[in-house]
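The exercises below are meant to be worked with the sequence and the structure side by side. Try each task before reading its solution.

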Amino acid sequence: MTSHAWYDEQHRLTPDELQTASFPLTRWPRHGYEEEPVRAFLAQVQAELVRLINERASLWQEVQRLRRRILGTTNGNDDVLFGKDDAHIHAVRILSSAQRTADRYVADAQAYSGRLTEEARTRRDEIMGQAQQHADMLLDEARTRARAAAVAAMDKEGLPPQTDQERRAVHAELAYLRTFSEVYRQHLKIYTEDVLRTIEDWESKERAAARDIPVPRDVPVSGQNPPGIR
Amino acid sequence: MDIARLKSSFAKVAMHGDEVPLHFYSDLFLKHPETRDMFPVSMQAQRAHLVAALVSIVSSVDDLDGLTAFARDLGRDHRKFGTLAEHYVAVGDSLLATFAYFCGEAWDAALEADWKAAYELTASIMVAAAREDEKHQPAYWTGTVVGRERKAFDVAVLTVQPEPRLDYLPGQSVAIESPARPRLWRYYSMANAPRTDGSVEFHIRLIDGGAVSMALTSHAAGGTDLRIGPPVGSLRLDPASGREILMVAWSTGLAPLKAMIEQLAGFPRPPAVHLFFGARAADGLYDLPGLEKFAAGHRWLTVIPVVSGERSADRTRTLTDSVMRSGTWSTHDAYIAGPTEMVQDASARLAAAGMPAAQIHVEDFGWSEQ
């Protein structure tokens, strides 16, 4: 069937014409309509019906085409849709894709927050490691000095300090060591306090950031989750 | 009911994967917009839960006892979400619409009737269980945060005052929802034996990117009202066994075991308890000073701290290695709590060393330490 309009637009059959159609009667003895006008009228009715059927088919094709354009042709389930509540299915799809977008945003936010925590953890480990190294270094140095002092004292053992000068030298050495340990203790204290201050500073910044920035309301975590449909 | 046909049609529908729950929730929210507010913003985890529940129900649809047990728990569990009887009707409608959509031409009146019958059976068990549960306990408790102490870089101890009083057995856990993260519930174990003042401690481990743990460790200040679901979980002491006890905890897996230790302290003659407590680094053994002090006053308790070191690829293995090296445990009761791989590794190795399965009690905390 073609959908081309082969008929003449001027001569459309109307229900009214059918209502009022009249045919000349045949002569006696057979009482009836003249055959020719009746055939001509039937031909017109047939043409009108063909035209209507064609028109209906082409409109149906157009509806199908538009439907496919709206729903997208990628999904193989389309043939299932036709004849069902298409508008609702269409809405379901729009909502589903919006949900997917929301899920992605939340997942991104979760990944970002995960990265931040991980970075904070790494930096904390670095600082702790540095502090530990620094402390180890100070201790090593102090130990080396102390050992040297002990060795020096042993060297002198066989020869007790006799002169005032030697006694003064030992006192000086002792005083030096005391000062030395005092200084190193001070160094260590300042350094440790500095590290603690940095950590506190971070923590307060973290708290302030957590207060100020509106965090996404939901992020799924690993952890036990309630089962079920809800 | 043609059960074989029901199962085969479900298998065909399930082949569409995540599309199925996605379609179901969109259909439900379109027809009943008021239900959207009962769910979190991200529905990713929720969709997985729905599919898991459907798989359980469909696979046990011809085993009435199994189905009843599952649906009863599910029905009780849904009370804290504010689920009402009319929601079950709405869910049923959308579920059938979803199956019809994915079954396509295979969907007919007989199949629809079977699905309807299966759903109505499940829903009626859930509703009945929820109604029964209503007589015994509230849908949820309000837990006011009365204390928060940061014990380590990533562990905080929350003290919460539940209203009304929360009765539970040491070893059990509850789902918690923070007002900062509505509709997201996470399970935490009570970390103390029931007290006269009713207060409860939770050990919260900060999980990288974890919304609820972050809300609880950082934002839950004093006075915050949390929602607490009913106590659940099968981990609990077997006081009649008379056997000595081996406990293995990794990080905050300590919580339920600590509650059980406190419970044992109330026994006239507590059995000997060996507690292996593992973490990545020394500061991860967040509760060690408290435990050691407790052990000094209770000679039946021995605490063995184990640190794996940051570098180790298979961290929790260090803990189980240390347990297996330290003795023969087959005549003990074992209580194990922590990340999935540790719980599995420890129970498998204890079983292999001759410990009967009935003596191994575990709580899988769900996260991974790797």
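Two strands are said to pair if DSSP finds at least two bridges between them. The model used throughout is a predicted one.

**Exercise 1. Find which strands of chain B pair with β2(B), in which sense they run, and which residues stand opposite each other.**

Step 1. Begin with strand β1 (residues 141-152) of chain B, which is joined by 9 bridges to strand β2 (residues 155-163) of chain B, the two running antiparallel. Within this pair, Gly147(B) stands opposite Thr159(B) of β2(B), and the link from β1(B) to β2(B) is a hairpin of 2 residues.

Step 2. Turn then to strand β5 (residues 200-205) of chain B, which pairs with β2(B) over 6 bridges, again in the antiparallel sense. Here Val155(B) has Arg205(B) in β5(B) as its bridge partner.

**Exercise 2. Describe the open sheet of chain B, giving the order of its strands, its edges and the helix α10 that packs on it.**

Step 1. The sheet is formed by 5 strands in the order β9-β8-β7-β10-β11 (chain B), and the pairing is parallel. Its edge strands are β9 (301-307) and β11 (360-364) of chain B, since each of them pairs on one side only. From one strand to the next, the twist averages 10°.

Step 2. Strand β7 (residues 245-250) of chain B and strand β8 (residues 273-279) of chain B run parallel and are joined by 6 bridges, and in this pair Val248(B) has Phe276(B) in β8(B) as its bridge partner.

Step 3. Helix α10 (residues 315-325) of chain B packs on the sheet, where it touches β7, β8, β9 and β10 (333-338) of chain B, and its direction makes about 155° with that of β8(B).

**Exercise 3. Work out how α5(B) lies against α6(B), and which residues meet between them.**

Step 1. The axes of helix α5 (residues 85-103) of chain B and α6(B) come within 10 Å and cross at roughly 150°. That makes α5(B) roughly antiparallel to α6(B), because angles over 145 degrees count as roughly antiparallel. The crossing in which α5(B) passes α6(B) is right-handed.

Step 2. On the side of α5(B), the residues that meet α6(B) include Tyr88(B), Leu95(B) and Phe99(B), while those of α6(B) that meet α5(B) include Trp115(B), Tyr119(B) and Met126(B).

**Exercise 4. Compare the expected and the actual spans of α4(B) and α6(B), then list what is buried in each helix.**

Step 1. For helix α4 (residues 64-77) of chain B, 14 residues at 1.5 Å a residue should span 20 Å, which agrees with end C-alpha atoms that are 20 Å apart. For α6(B), 26 residues at 1.5 Å a residue should span 38 Å, and the end C-alpha atoms, at 37 Å apart, agree with this.

Step 2. The buried residues of α4(B) include Leu67(B), Phe70(B), Ala71(B) and Leu74(B), and among the elements covering the buried residues of this helix are α3 (44-59) and α6 (109-134) of chain B.

Step 3. In α6(B), the buried residues include Trp115(B), Thr122(B), Ala123(B) and Met126(B), and the buried residues of this helix pack against α1 (3-14), α3, α4 and α5 of chain B.

**Exercise 5. How many helices and strands does chain A have, and what percentage of its residues count as buried?**

Step 1. Chain A has 5 helices and 0 strands, and along the sequence its pattern reads α-α-α-α-α.

Step 2. Of its 230 residues, 7% count as buried.

Notes:
Residues are numbered from 1 along each chain as its sequence is written. Chains are lettered from A and ligands numbered from 1 in the order in which they are written. This is a predicted model: local features need pLDDT of at least 70, side-chain atom pairs count only at pLDDT 80 or more; totals for chains, interfaces and linings use all residues. Helices (H or I, at least four residues) and strands (E, at least two) are DSSP runs, numbered from the N terminus. A residue is buried if 20 or more other C-beta atoms lie within 10 Å of its own, exposed if 12 or fewer, and partly exposed in between; C-beta atoms are placed from the backbone. The expected span of a helix is 1.5 Å times one less than its number of residues. Two residues are in contact if their C-beta atoms, placed from the backbone, lie within 7 Å. Axes are lines fitted to C-alpha atoms, for helices over the stretch in contact, and angles run from 0 to 180 degrees between N-to-C directions. Angles under 35 degrees count as roughly parallel, over 145 as roughly antiparallel, 65 to 115 as roughly perpendicular and the rest as oblique. A crossing is left-handed if the near helix is turned anticlockwise from the far one by less than a right angle, and right-handed if clockwise.
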